[in-house]
Amino acid sequence: MKRSSLMRRPRVRATLATLAAFCLLTLQAACTPNPAEKELSETLKQYETIIRWSQWDAAADFLAPEYLMENPISRLDMDRLRLFKVTSYTLRSTGIFDEGLTTRQVVEIRLFNKRQGIERTIVDQQEWHWSETAERWYLHSGLPDPTQRY
């Protein structure tokens, strides 16, 4: 009788260990965000850093190809942006729509005009879309507009 109860214990332990491992793997899979969620915060952080450093040419790389086809960036637009140095980038609101495939942000950007020595504040309404094919987020609302008036 002692021998049969000893035989059962290793089987019970093995079964419990297998069950525990299965539960941990299931829990880990449930907690892992989808690729869009994972990439969103990284993309927004990168874009914010690029804007804060007034790297306008690098910021244009975030624009969606479809957006650029409909709204090409002129040399005048880029030259105008290069006149400004960003002094502040403040996120005012954010929202996620379309089952996590669209994000909208409202950002307040303070720009210092290097030529005129004047600082102005603009509100940048950003709309980001997840591209399933490219597996990345694209900006569909254009670069900040320094000519914007309240």
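Biologist: What makes Trp128 count as buried?
Modeller: In this predicted model, Trp128 has a relative accessible area of 0%. The cut-off for buried is under 20%, so Trp128 is buried.

Biologist: And why does Tyr47 get the label buried?
Modeller: Its relative accessibility is 0%. Set that against the limit of under 20%, and Tyr47 counts as buried.

Biologist: OK, on to the rings. How many aromatic pairs does the structure hold?
Modeller: There are four aromatic pairs. One of them is Tyr47 with Trp128.

Biologist: Why is the pair of Tyr47 and Trp128 called edge-to-face?
Modeller: Two checks. The ring centres are 5.1 Å apart, and rings pair within 6.5 Å, so they count as a pair. Then the planes: they sit at 80°, and over 60 degrees is edge-to-face, so that's the name this pair gets.

Biologist: Why do you say that the pair ties together parts far along the chain, and what is the separation in sequence?
Modeller: Tyr47 lies in helix α2 (residues 35-52) and Trp128 in strand β3 (residues 118-131), so the pair ties together parts that are 81 residues apart in sequence. Ring pairs also bring in Phe62, giving a cluster of Tyr47, Phe62 and Trp128.

Biologist: How do you know that the charged end of Arg104 sits over the ring of Phe97?
Modeller: The charged end is 4.6 Å from the ring centre. The distance limit is within 6 Å, with a second limit on the angle to the ring normal, and Arg104 is listed as sitting over Phe97.

Biologist: What makes β1 and β2 a strand pair?
Modeller: At least two bridges are needed, and 12 bridges join β1 (residues 84-97) to β2 (residues 102-113). The two strands run antiparallel. To pick one bridge, Ser88 has Arg110 in β2 as its partner. Together β1 and β2 form a hairpin with four residues between them.

Biologist: What is odd about Asp98 in that turn?
Modeller: Asp98 has a positive phi of about 50° although it isn't a glycine. Most residues other than glycine have a negative phi.

Biologist: Which residue in the loop between β3 and β4 (136-139) shows a positive phi?
Modeller: Glu135, which lies in that loop, with phi near 55°.

Biologist: Why is Glu135 called exposed?
Modeller: Its relative accessible area is 54%. Exposed means over 50%, so Glu135 makes the cut.

Biologist: Last one: what lines the largest pocket?
Modeller: It's lined by 15 residues, with Ile73, Asp77, Leu81, Leu143 and Pro144 nearest its centre. By class, the lining has nine nonpolar, three polar and three charged residues. Helix α5 (residues 75-82) gives the most, with four residues. The space in the pocket is about 230 Å³.

Methods
Residues are numbered from 1 along each chain as its sequence is written. This is a predicted model: local features need pLDDT of at least 70, side-chain atom pairs count only at pLDDT 80 or more; totals for chains, interfaces and linings use all residues. Side-chain values use heavy atoms; hydrogens and water are left out. On a 1 Å grid over the protein atoms alone, a cavity is a set of points where a 1.4 Å probe fits but cannot get out, and a pocket is an open set with protein on both sides within 12 Å along at least five of seven lines; lining residues have an atom within 4 Å of a point. Grid points are joined across faces, edges and corners, and a volume is the space filled by probe spheres set on the points. Ala, Val, Leu, Ile, Met, Phe, Trp, Tyr, Cys and Pro count as nonpolar, Asp, Glu, Lys and Arg as charged, and the others, Gly among them, as polar. Rings of Phe, Tyr and Trp (its six-membered ring) pair if their centres lie within 6.5 Å; planes under 30 degrees apart count as stacked, over 60 as edge-to-face and the rest as tilted. Buried means under 20% relative accessible area, exposed over 50%, partly exposed in between (1.4 Å probe, protein chains only). A charge sits over a ring if NZ of Lys or CZ of Arg is within 6 Å of the ring centre and within 35 degrees of the ring normal.
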